[in-house]
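Biologist: Hey, could you walk me through this one? I'd like to start with a helix and then look at some rings.

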Amino acid sequence: MLSTPPALIAVIGPVEPPLLTAWVRHYRWLGIERILIAFHFPDHVPDAHRHELQAIIRELGIIPTGTSTGPWHEHTNTQLREALRHTAGPGWHLLADADEFQQYPAPLSEVIVQAERSGQRVVGGLMLDRVAAGGHLAGWSPEGGLDLAYPLGGHLTHRLLHGDPRKIVLARHDVTVASGNHRAPGNRPDADRICAVHHFKWRSGILDDLRRRVRHFISGAWLEQTPAVRDEANRLLAHVGQHRGVINTSDPRFAFRRVSLDRLPSSWPAEARSIFTTWRPYAYTDQDQRQ
């Protein structure tokens, strides 16, 4: 058995307080004992919201490693994440955004022992986008929980947004991880042991957030490294615009079905392996460039 659980590394933005609480409890349930977070708040976030999140995280027994404000450049997350990893020190690091709830096929300690025995220095995950039953970008009740509010899981990031659905969920401290935790150059995860990353991004308020990102990236107020993030946001906005403000959960491309944080879908190993090994960056067309 692993004597020391991995340190959880996360950069947290202005999420709703119940999500942050649920996120911490989820990872503690997985066996995480050490949580290192840094808050980053863009200028539009009210002081009251910042103070509430900082108070809640302290109530949960976590002292933020740092808090910063200002533009959310594309490189901001990576810089803050790397500072947290340096603070965490040697060992395994678990990497997760505040809307990502990881689900493993075995206890976390066993997953890491298996990786070490096979000489793996990373463990891979695949996004499973969670949405409301009718595709509405709705809020949720802490009493009901995330599974009740967003019961469907599918492949929206991969098949609609043309984004990279792969994640590095666990990495040794000396492994370099790319922006967005999507890759670890020189390290290939075991495609037969892919974690499900339940992605609770599609909640109330996300459309305003996406519009803000697009506006700031276009103006140059927020710096981007590639147009990928902006293009993904535009695809989601265009999709809901075509479907009366909701995600079309009946589209067979997205493979939405009922899932839960308690049990992996029986089809997950083969499904995840297929996507993880065949995914390639989207080939932009002239039409994309004109949009």
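Modeller: Sure, we'll go through helix 2 and then the aromatic pairs. This is a predicted model, where local features need pLDDT of at least 70, side-chain atom pairs count only at pLDDT 80 or more, and totals for chains, interfaces and linings use all residues. Residues are numbered from 1 along each chain as its sequence is written, and side-chain values use heavy atoms, with hydrogens and water left out.

Biologist: Okay, which residues of helix 2 are buried?

Modeller: Arg 50, Leu 53, Gln 54, Ile 56 and Ile 57 (buried means under 20% relative accessible area with a 1.4 Å probe, protein chains only). Seen down the axis of helix 2, the buried residues fall within an arc of 165°, taken from the directions from the axis to the C-beta atoms, so they line one face.

Biologist: And what's exposed on the other side of helix 2?

Modeller: Ala 48, His 51 and Glu 59 are (exposed is over 50%).

Biologist: New topic: how many aromatic pairs are there?

Modeller: Six, counting rings of Phe, Tyr and Trp (its six-membered ring) with centres within 6.5 Å. Phe 39 and Phe 41 have ring centres 5.4 Å apart and planes at 15°, so that pair is stacked (under 30 degrees).

Biologist: Are those two buried or exposed?

Modeller: Both Phe 39 and Phe 41 are buried. Phe 254 and Phe 256 pair edge-to-face (over 60 degrees), at 6.1 Å centre to centre and 75° between the planes.

Biologist: Which residues form an aromatic cluster?

Modeller: Phe 101, Tyr 150 and Phe 200 form one.

Terms used. Helices (H or I, at least four residues) and strands (E, at least two) are DSSP runs, numbered from the N terminus.
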